[in-house]
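Reader: Hello! I am new to this structure and would love a close look at one part of it, with some help finding my way around the rest.

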Amino acid sequence: MKPFINSLLICLFSISAWAGGTTQQPQKDMAACFAAWDNKLLTLETDFTQTTEYDGLLISQSQGSISYLKAGSKLRLDNKDGQTITQTALTDKRTIWILDEKGKEISTLSWQDWLLGQPNQALFDFGNYTQLLNKHEVSVLEYKDETAILRLTPKNKAENYILYVAVSEKNCFPQSITIQADLMKTTAALTQTRLNAELNKNLFKGIK
């Protein structure tokens, strides 16, 4: 299997840990606003760029697009080279189907089996961000340019990682997310985002 699934699904959405901080504070509860955004999400289309570093050295970089439909919990992840799709993952959050660049199925795997091996398992689990927040201590690390950097630390002290989520005060959408675990850092940024817009009905063709 190409490294796409490991690199893409390990992510979701990010920033370097913002150093410093500021005394300025957002006008709203950003964690509550973030959860409310997720609860209202019906469809999503967005581009992403993701990098993974170890001790400051770049290990991998990928880009592509994400499509999500709440009805049926359908998710599509396209890995791209420029505008050309090189691999696609389709899931109904039960099974993941991997398709090649021509749309031909090449393998399948269990959504739950994959989740068990992911410390950041909720990051692409749209519709369940409230659960993610409930599992973490949340604080505003920094607020700048109408964007709050939320710092999420696991309530389970056996879990050794930190999440940094950049949330826009305007619409509470996660612009980016950083996952820091020891010397490993995975960052993903979402751009060209369309929320609750009508989706092409053929996007999820291939989910059985």
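Which residue forms a disulfide with Cys 33, and how many Å apart are their sulfur atoms? Please take me through that link closely, and then show me what else is in the chain.

Author: Happy to help! Please keep in mind that this is a predicted model. The partner of Cys 33 is Cys 172, and the two sulfur atoms sit 1.5 Å apart. A disulfide is a covalent bond between the sulfur atoms of two cysteines. The link of Cys 33 and Cys 172 is right-handed, with 80° about the S-S bond. As for where the two ends sit, Cys 33 belongs to helix 2 (residues 30-40), while Cys 172 is in the loop between strand 9 (162-168) and strand 10 (174-181). The pair is 139 residues apart and links distant parts of the chain. Both Cys 33 and Cys 172 are buried. The count of disulfides comes to one.

Now let us step back to the chain around that link. The protein chain has four helices and 11 strands, and buried residues make up 47% of its 208 residues. Helix 2, where you met Cys 33, also matters for the next stop. The largest nonpolar core has 36 residues, and those with the most contacts inside it are Phe 34, Trp 37, Ile 66 and Phe 126. Helix 2 supplies the largest share of this core, five residues. In soluble globular proteins, nonpolar side chains tend to be buried together.

Strand 9, which borders the loop of Cys 172, leads us to some strand pairing. Strand 8 and strand 9 run antiparallel and are joined by six bridges; one pairing sets Arg 151 against Tyr 164 in strand 9. On strand 7 (residues 136-144), strand 8 has another antiparallel partner, with eight bridges between them. There, Tyr 143 has Ala 148 of strand 8 as its bridge partner. The hairpin of strand 7 and strand 8 has two residues between the strands, and Asp 145 takes a positive phi near 55° in this hairpin. Strand 8 (residues 147-154) is largely enclosed by the rest of the structure, because seven of its eight residues are buried.

Next come the charged pairs. Side chains of opposite charge can pair when their charged atoms come close. The count of salt bridges here is five. In one of them, Arg 76 meets Asp 78 at 2.8 Å, N to O, and Arg 76 and Asp 78 are both buried. Another joins Arg 94 to Asp 92, with the closest N and O atoms 3.0 Å apart. Here the two ends differ in their surroundings: Arg 94 is exposed at 57% relative accessibility, whereas Asp 92 is buried at 6%. A further salt bridge brings together the side chains of Lys 208 and Glu 105 at 2.7 Å, N to O. Lys 208 lies in the segment after strand 11 and Glu 105 in strand 6 (residues 105-110), so this pair ties together parts that are 103 residues apart in sequence. Lys 208 is exposed, with a relative accessible area of 67%, and Glu 105 is partly exposed, at 34%.

Let us finish on the outside. The accessible surface of the chain comes to about 10,800 Å², and 48% of it belongs to carbon and sulfur atoms. Tyr 54, Ile 59, Leu 183 and Met 184 make a nonpolar surface patch of about 360 Å². Met 184 lies in strand 11 (residues 184-195) and counts as partly exposed at 33% relative accessibility.

Notes: Residues numbered from 1 in each chain as written. Predicted model: local features only at pLDDT ≥ 70, side-chain atom pairs only at ≥ 80, totals over all residues. Heavy atoms only, no water. Buried < 20%, exposed > 50% of the residue type's maximum accessible area, 1.4 Å probe, protein only. Areas by Shrake-Rupley, 256 points an atom, 1.4 Å probe, with all protein chains shown as cover. Disulfide = S-S within 2.5 Å. Patch = residues over 30% accessible without salt bridge, like charges linked within 9 Å, V, L, I, M, F, W, Y side chains within 5 Å. Salt bridge = Lys/Arg side-chain N within 4 Å of Asp/Glu carboxyl O. Pairing = 2+ DSSP bridges. Core = buried A, V, L, I, M, F, W, Y, C linked by side-chain atoms within 4.5 Å.
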